[in-house]
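Colleague: Could you take a close look at one part of this model for me, the stretch around one helix and whatever it packs against? I'd like the walk-through in one go, please.

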Amino acid sequence: MKEKTSLTIREFFAQFPSDESCLEHLFEARFGQGHVCPKCQRKANWYRIKAERAYSCQWCGNHLHPTVGTPFEDSRTPLQLWFYSIYLFTTSRHGVPALELKRQLGVTYKTAWRMGHHIRKHMEAVDGEWPLFGQVEVDETIVGGYRPGPRGRAALGKTIVMGMLQRDGDVMTKVIPNVQRETLHPIIEENIQPGSTVHTDELISYRGLKAKGYNHKSVTHRLEEYVRGDCHVNGIENFWKHLKGSINGTHMSVSKKHLAKYAKEFEFRFNSREKPSSMFPALVSQFPQPST
Ligand SMILES: [Zn+2]
């Protein structure tokens, strides 16, 4: 059965009608009444301090700031606009270009761009990373390459992204400098549990995985072999198609420096595919330390 769909825009504004309601949500999600005061160590009631975005301990007057450690911490942009931006990110299949945010929020391009950047970083942190296991498809692809220059993996302006997709599980992406064995193998060893079956194409760099405790199967794309038994990399190729289509369609050009973040955004969305309605509540309620 399909679960409840994402919030409608009407539901969003009913739930978050003001900056105050957003702050209250952050307080409840992160602390809540009865939260033990970090200063006096007593279970406390907390009172809203009107002069700042803070709550005060009933016993010692210590302040809790619900936005500290969140993407909104140092921002003067109203909280409701942040929440709305996150809402847009979770309801769009293709991501939200800075220009679109600028237009919808009425902020400067620079502000919109920075908000998008922070939201992507936050998506990455909330998504988290766990070792993959079982049947895992591994593949690399080239993203970008609009600048004139030589074609191929080393061409200027192109970025190589490696992807690992656990069938019926999570996808994980890494921007890599090249497709040498010395690059690919350590990433596989670090992120895929030994004993797993690794599906790849015929790229020579993938050879030698058996010696490292993996069951390795490959298809020979060069010979137009796309499936052999249960071996294929169609899952990760679909992910590439979606990632590249979205970047080409909306972001125009993504620099090498930022591509990893864009990929993480799509990773988060992909990994939430069975429960898309959980994305927005998770992003406004969970604030793990960023991995960077
Ligand atoms: Zn206290």
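Modeller: Sure, let's start where helix 2 stops: just after helix 2, Gly32 takes a positive phi of about 85°. Bear in mind that this is a predicted model.

Now back up into the helix itself. Helix 2 covers residues 19–30, and its twelve residues should span 16 Å at 1.5 Å a residue; the C-alpha atoms at the two ends sit 17 Å apart, so the geometry agrees with the expectation. As for what faces inward, the buried residues of helix 2 are Ser21, Cys22, Leu23, Leu26 and Phe27. What do those buried residues pack against? Their partners are helix 1 (9–15), strand 1, strand 2, strand 3 and helix 3 (79–91).

The three strands on that list are worth following one by one. Strand 1 (residues 46–49) and strand 2 (residues 54–57) run antiparallel, joined by four bridges. They make a hairpin, with four residues between the strands. If you want a register marker, use Tyr47, which stands opposite Ser56 in strand 2.

Ser56 also gets you across to the next strand: its bridge partner in strand 3 is His63. Strand 3 spans residues 63–64, and its pairing with strand 2 is again antiparallel, over two bridges. This second hairpin has five residues between its strands, and there Gly61 takes a positive phi near 80°. So if you're checking backbone torsions, you have Gly61 in the hairpin of strand 2 and strand 3, and Gly32 just after helix 2; each has a positive phi.

That leaves helix 3, another of the elements packed against by the buried residues of helix 2. One residue to pick out there is Thr90, which is found in helix 3. Is Thr90 buried or exposed? Its relative accessibility is 7%, and because buried means under 20%, Thr90 counts as buried. Once you leave aside its neighbours within four places in sequence, Thr90 is in contact with Met279, Phe280 and Leu283.

To retrace the path: the buried residues of helix 2 pack against strand 1, strand 2 and strand 3, among others, Ser56 links the register from Tyr47 to His63, and Thr90 in helix 3 has contacts with Met279, Phe280 and Leu283.

Terms used
Residues numbered from 1 in each chain as written. Predicted model: local features only at pLDDT ≥ 70, side-chain atom pairs only at ≥ 80, totals over all residues. Heavy atoms only, no water. Pairing = 2+ DSSP bridges. Expected span 1.5 Å × (residues − 1). Buried < 20%, exposed > 50% of the residue type's maximum accessible area, 1.4 Å probe, protein only. Contact = heavy atoms within 4.5 Å.
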